[in-house]
Amino acid sequence: MKFGVRMLTTGGIGLLAFLLVVLFVELPRTDPFSWSEYGANLRVLLNNVFVHHTLGLSQYQIPAEQDALMAVKKSSLVLISALLIGYVLGLLKGILDYGLSQIKLGFLGNGSTWLLQAIPDFMILLLFQWYILHHGNKIRFFAPDGWTGYWIPVVIASIYPVMYIARITFTSISEQEGALYIKTAHAKGLPEWLIFGKHILLNSIGRVLNHFTPLGVYILSSLVLIEYFRNVLGAANRMLLSVDYIKKAGFSGPNFEPNVIIGIAFCFMIIILLFDVVSFTSRKFFDPRSGQEGGV
């Protein structure tokens with residue numbers, strides 16, 4: 001698929017999802033439902049955006065778009081760091097797992113990868129909290145800023161991506177065993193390190209990059225729990241706060257902020273589109289299959 005077509009497809013899907021979010025959050029919170037109020041809500045939103053160039057005020061009496069951007073900025077550093085760590089350490093772990101499997105120690109490589117991948121995010125967060133409760137506040141788990149406020153969410157958010165990339169890397173390397181181009185390289189007398197680095201590893205990187213967008217979306221979704229349990233107003237937790245869901249009542253409360261939700265949803269759409277741009281361009285560079293007709 002050509003770059004322009006791919007971007008138009010991804011952008012169209014993202015825009016459609018964003019419009020559905022807008023139409024949903026602008027629904028009137030009244031009983032019975034009023035179409036006239038729904039229309040009024042949409043007119044106010046359009047007037048704010050196209051006439052006043054703002055989304056309105058948040059509950060903190062600052063422009064909602066500014067509030068949304070501050071929250072997205074807090075989450076972006078964690079998101080990018082977790083992605084980088086996931087790819088770098090995941091590739092290394094996948095290579096290590098493959099090496100261990102060749103000397104009959106696969107249970108140390110694949111076994112540990114499977115075990116850590118099976119542990120859900122919320123379990124890791126609960127284990128962190130349990131440790132703090134039983135060993136005093138040696139770790140500033142709830143630190144909103146500073147070095148501690150950075151590395152704790154990054155470590156938690158990157159555990160699953162590291163294991164995910166490790167499994168894909170291991171599978172990709174294993175699938176190339178006995179391939180014709182590998183046999184040809186051996187027949188030419190090329191050294192093992194060159195065959196592995198130039199043929200096997202580069203092909204594996206191309207295949208791993210196919211998963212850039214779903215992995216980025218996974219980390220984005222996992223930030224909800226991480227930010228909520230640490231009480232940090234990142235993008236995911238700020239959106240949750242904007243919903244102001246009252247469990248006993250079963251609907252949103254007086255602090256419901258549709259303008260902030262729209263602002264954060266728009267940023268999420270842009271981020272996912274950027275994920276797809278990075279995934280597509282890097283795959284074109286690393287994956288030789290992408291240059292073939294009908295390649296991915």
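In this predicted model, helix H3 packs against helix H10, which spans residues 235-243, with the two axes 7 Å apart and at an angle of about 140°. Because this angle is neither over 145 degrees, where a pair would count as roughly antiparallel, nor in the range from 65 to 115 that counts as roughly perpendicular, H3 is oblique to H10. On the side of H3 the contact is made by Asp67, Ala71, Val72 and Ser75, while H10 contributes Ala235, Ala236 and Arg238. Sorted by class, the residues of this contact comprise four that are nonpolar, one that is polar and two that are charged.

Some of these residues return when one turns to the empty space inside the protein. A search of the whole structure finds one cavity of 30 Å³ or more, and the space in the largest cavity comes to about 30 Å³. Its lining is formed by Val72, Ser75, Ser76, Leu79, Leu220, Leu223, Ala235, Phe268 and Ile271. Two or more of the lining residues come from each of helix H3 (64-102), helix H9 (212-230) and helix H11 (258-286), and H3 gives the most, with four residues. The lining of the largest cavity holds seven nonpolar and two polar residues, and no charged ones. Val72, Ser75 and Ala235 thus belong both to the contact of H3 with H10 and to the lining of the largest cavity.

A further feature to follow is the pairing of aromatic rings. The structure holds nine aromatic pairs, and ring pairs join Phe33, Trp35 and Tyr38 into a cluster.

Methods. Residues are numbered from 1 along each chain as its sequence is written. This is a predicted model: local features need pLDDT of at least 70, side-chain atom pairs count only at pLDDT 80 or more; totals for chains, interfaces and linings use all residues. Side-chain values use heavy atoms; hydrogens and water are left out. Rings of Phe, Tyr and Trp (its six-membered ring) pair if their centres lie within 6.5 Å; planes under 30 degrees apart count as stacked, over 60 as edge-to-face and the rest as tilted. On a 1 Å grid over the protein atoms alone, a cavity is a set of points where a 1.4 Å probe fits but cannot get out, and a pocket is an open set with protein on both sides within 12 Å along at least five of seven lines; lining residues have an atom within 4 Å of a point. Grid points are joined across faces, edges and corners, and a volume is the space filled by probe spheres set on the points. Ala, Val, Leu, Ile, Met, Phe, Trp, Tyr, Cys and Pro count as nonpolar, Asp, Glu, Lys and Arg as charged, and the others, Gly among them, as polar. Axes are lines fitted to C-alpha atoms, for helices over the stretch in contact, and angles run from 0 to 180 degrees between N-to-C directions. Angles under 35 degrees count as roughly parallel, over 145 as roughly antiparallel, 65 to 115 as roughly perpendicular and the rest as oblique. Contact means heavy atoms within 4.5 Å.
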